[in-house]
Amino acid sequence: MDLREEEDQDVLRAEDLKEGRQHLVLGLLWQVIKIGLFADIELSKNEALMALLRDGESLEDLMKLSPEELLLRWANFHLEEAGCSKINNFSSDIKDSKAYYSILNQVARKETRRGSPHRHRCVRTQGEGRCAESEMMLQQADRLGCRQFVMPTDVVRGNPKLNLAFVANLFNKYPALKKPENVDIDWSSIEGETREERTFRNWMNSLGVNPRVNHLYVDIDDALVIFQLYEKIKVPVDWDKVNKPPYSKLGSNMKKLENCNYAVELGKKEAKFSLVGIAGQDLHSGNRKLTLALLWQLMRRYTLNILEDLGGRS
């Protein structure tokens, strides 16, 4: 068993590490590796990602994408420039190595223009079977110093995790993107995540909220995640009062604002939180100070409930 297998959803405990339970330990290792690989795949650390913005999209649309979604869009960006078919995943769509050859060739060509020492072209050669072609593709990747994480069999079998790690490593070394110019964007609005914000976001995701929170303020602007957190702390939510996606383009902000107003109402009347000066508009617009004030009280109540349950059991 290795990282090529799916990680288990069981809770990892100290005794699991001591006993060496493989599926849990490897699941933990994958999470650690993923955190390291994805650390810089965000707009605040790489403004050139704005090149992936599509027609009709706003900055918020791009910020909502997870690192996995950004990597897929990045790969398709280079495939489109190469005149190749797009891919939908890093599993079944990359088994023949064709997409990888095209991406590597685009990256190598663009890095050569920028003065990179890797002045070569990745040429696709025919091998005896997919494994042989995958090995030849990885030899090309090795010339860029990006062969890590996958073996030829991992490509042919379409292992999603290891192929995702392979692409993330390639992106981190050679994004081959250029920050767009003459674009009307408020770059000051793209700020890095603080430790406090990361703590809240990781806590919410650890509870299995849906959708997953990738950007704290953008992803909770309709309060759906807030409602799920209320249920985690045993505050009843009347879901008949909640507007659910997909939202129509006309009036979507109003629907989200209604949700946020209801979320604040629940906090004041049902959860008995101190929400003086906080309105639904503050959650919807992503007011940092006031949004964090609500999240802090949610996390505090959740922690106290756990301690109370543990005390009752003992």
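The expected span of a helix is 1.5 Å times one less than its number of residues, and that rule is a useful companion for the opening stop of this tour through a predicted model.

Begin by selecting helix α4, residues 67-81, which has 15 residues and reaches 21 Å from its first C-alpha to its last, close to the 21 Å expected at 1.5 Å a residue. With side chains shown along α4, look for the buried residues, among them Pro-67, Leu-70, Leu-71, Trp-74 and Leu-79, and also Arg-73, Asn-76 and His-78. Then move on to Gly-83, which follows α4 and has a positive phi, near 75°.

Next, select helix α10, residues 224-232, together with helix α11, residues 252-269, whose axes come within 9 Å of each other and cross at roughly 25°. Because angles under 35 degrees count as roughly parallel, α10 is roughly parallel to α11. The crossing in which α10 passes α11 is left-handed.

To see which side chains and backbone atoms meet here, display Leu-224, Ile-226, Phe-227 and Tyr-230 in α10, and then Asn-259, Tyr-262, Ala-263, Leu-266 and Gly-267 in α11, with which they are in contact. Sorted by class, this contact of α10 with α11 has seven nonpolar residues, two polar ones and no charged ones.

Finally, stay in helix α10 and select Gln-228, which has its place there. Gln-228 has a relative accessible area of 18%, and therefore is buried, since buried means under 20%. Around Gln-228, leaving aside residues up to four places away in sequence, show Gly-208, Val-209, Asn-210 and Trp-239, which Gln-228 touches.

Key: Residues numbered from 1 in each chain as written. Predicted model: local features only at pLDDT ≥ 70, side-chain atom pairs only at ≥ 80, totals over all residues. Heavy atoms only, no water. Axes fitted to C-alpha atoms, helices over the stretch in contact; angles between N-to-C directions. Helix = DSSP H or I, 4+ residues; strand = E, 2+ residues; numbered from the N terminus. Parallel < 35°, antiparallel > 145°, perpendicular 65-115°, else oblique. Left-handed = near helix turned anticlockwise from the far one by under 90°. Contact = heavy atoms within 4.5 Å. Nonpolar A, V, L, I, M, F, W, Y, C, P; charged D, E, K, R; others polar. Buried < 20%, exposed > 50% of the residue type's maximum accessible area, 1.4 Å probe, protein only.
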